[in-house]
Amino acid sequence: MDIVFFQRSQIFEGMSAEEIKSALDYLNVFKRSYEKHDLVLRSGSPTKFLGLIEKGSVIVERNDFWGNRTVITSFSENEYFAEAYALNPRAVVPVDIVANSNSSIIFLEIANVYNMADSSARNKLLSNLLKISVGKNMFLSNRTFLLSSKSVRDKILAYLNNVRLQKGANEFDIPFDRQQLADFLNIERTALSKELSRMKSEGLIEYRKNHFVLLSTEDM
């Protein structure tokens with residue numbers, strides 16, 4: 001495994017190359033490749049491994065018994081998924097995790113962190129896991145606020161503004177296609193497409209596929 005790649009990963013932040021190598025010896029690391037739409041983790045199944053995306057992206061979605069789908073979020077290169085379930089041997093994954101593009105994913109048996117002999121490296125790993133968990137909790141809080149918006153336009157504006165704040169720019173790509181964005185916002189795709197078209201004609205946004213530009217009133 002490429003130590004330089006792991007050094008860029010949040011989970012190994014602040015750790016030396018030697019500490020990372022020592023940690024990897026405990027974490028039973030392996031890598032798998034997936035094609036777009038392949039199922040990475042199935043809902044209802046346990047997992048001992050967190051996934052670290054080396055290349056590509058995944059979608060996290062909830063599919064219920066009646067065929068309803070809700071897109072929860074997406075993860076891209078150098079991001080993690082399933083760490084909370086991998087740390088809890090009694091938990092099952094409540095969502096499907098699906099490759100959103102051809103992807104390469106590194107799996108780490110993260111619960112083995114408790115068995116690491118190097119206490120300094122162990123504490124750094126646990127601290128980094130806590131930071132990741134806090135960040136995801138903040139994201140879920142923001143999503144709850146977004147879904148509480150009353151109108152289709154309010155939901156779209158809230159989502160695009162959140163992405164703008166994360167990217168630090170008014171022009172960006174989003175990780176969803178139209179159907180995935182509609183599922184994420186919990187609205188019908190036709191309603192989403194109509195409202196995006198209205199917003200474009202009113203000079204609020206420009207877009208092509210998943211590329212968006214937010215326009216201020218000064219740009220209109």
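# Pocket, sheets and loops in a predicted model

User: How much space lies in the largest pocket?

Analyst: The largest pocket holds about 1,400 Å³ of space. Keep in mind that the model is predicted.

User: Which residues are closest to its centre?

Analyst: Thr73, Ser74, Phe75, Lys136 and Phe139 are the closest to the centre, out of 50 residues that line the largest pocket.

User: And which elements give two or more residues to the lining?

Analyst: These are strands S4, S5 and S6 (80–81), together with helices H3 (83–86), H4 (119–147) and H5 (152–167). H4 supplies the largest share of the lining, 14 residues.

User: What does the lining have by class?

Analyst: By class, 27 of the lining residues are nonpolar, 14 are polar and nine are charged.

User: Switching to sheets. What order do the strands have in the open sheet of four?

Analyst: The order is S2-S7-S4-S5, and the pairing is antiparallel.

User: Which strands stand at the edges there?

Analyst: S2 (39–41) and S5 (69–76) do. Each has a single partner strand, so one side of each lacks a neighbour in the sheet.

User: By how much are neighbouring strands turned against each other?

Analyst: On average by 30°, with direction ignored.

User: Which helix packs on that sheet?

Analyst: Helix H6 (residues 178–185) packs on this sheet and touches S4 and S5. The direction of H6 makes about 115° with that of S5.

User: How many bridges are there between S4 and S7?

Analyst: Strand S4 (residues 57–63) and strand S7 (residues 96–99) pair over four bridges, in the antiparallel sense. Glu61 stands opposite Asp96 of S7, and Ile59 stands opposite Val98 of S7.

User: How many bridges for S2 and S7?

Analyst: Two, again with antiparallel pairing. Leu41 has Ile97 in S7 as its bridge partner.

User: Which way do the S7 residues point, and are they buried or exposed?

Analyst: Asp96 and Val98 point one way from S7, while Ile97 and Ala99 point the other way. All of them are buried.

User: OK, the open sheet of three strands. What order does that one have?

Analyst: That sheet has the order S9-S11-S10, with antiparallel pairing. S9 and S10 stand at the edges with a single partner strand each, so each has one side without a neighbour in the sheet. Neighbouring strands in this sheet are turned by 15° against each other on average, direction ignored.

User: Which helix packs on it?

Analyst: H5 does, touching S9, S10 and S11. The direction of H5 makes about 100° with that of S9. H5 is also one of the elements that line the largest pocket.

User: How many bridges does S11 have with S9, and how many with S10?

Analyst: S9 (residues 171–173) pairs with S11 over three bridges, and S10 (residues 205–208) is joined to S11 by four bridges. Both pairs are antiparallel. On the S9 side, Glu171 has Val213 in S11 as its bridge partner. On the S10 side, the partner of Arg208 is His211 in S11.

User: Which residues are on the covered face of S11?

Analyst: Phe212 and Leu214 are on the covered face of S11 (residues 211–214), whereas His211 and Val213 are on the uncovered face.

User: How many residues are between the strands in the hairpin of S10 and S11?

Analyst: Two residues lie between the strands, and Lys209 in this hairpin takes a positive phi near 55°.

User: What about His37, what is its phi?

Analyst: Phi of His37 is near 80°, which is positive in a residue other than glycine. His37 lies in the loop between strand S1 (30–34) and S2.

User: Is His37 buried or exposed?

Analyst: His37 counts as exposed because its relative accessibility is 61%, and the cut-off for exposed is over 50%.

User: And Asn186, where is it found?

Analyst: Asn186 is in the loop between H6 and helix H7 (189–201). Asn186 has a positive phi of about 60° although it is not a glycine. The relative accessible area of Asn186 is 56%, so Asn186 is exposed.

Methods
Residues are numbered from 1 along each chain as its sequence is written. This is a predicted model: local features need pLDDT of at least 70, side-chain atom pairs count only at pLDDT 80 or more; totals for chains, interfaces and linings use all residues. Side-chain values use heavy atoms; hydrogens and water are left out. Buried means under 20% relative accessible area, exposed over 50%, partly exposed in between (1.4 Å probe, protein chains only). Two strands pair if DSSP finds at least two bridges between them. Axes are lines fitted to C-alpha atoms, for helices over the stretch in contact, and angles run from 0 to 180 degrees between N-to-C directions. Contact means heavy atoms within 4.5 Å. On a 1 Å grid over the protein atoms alone, a cavity is a set of points where a 1.4 Å probe fits but cannot get out, and a pocket is an open set with protein on both sides within 12 Å along at least five of seven lines; lining residues have an atom within 4 Å of a point. Grid points are joined across faces, edges and corners, and a volume is the space filled by probe spheres set on the points. Ala, Val, Leu, Ile, Met, Phe, Trp, Tyr, Cys and Pro count as nonpolar, Asp, Glu, Lys and Arg as charged, and the others, Gly among them, as polar.
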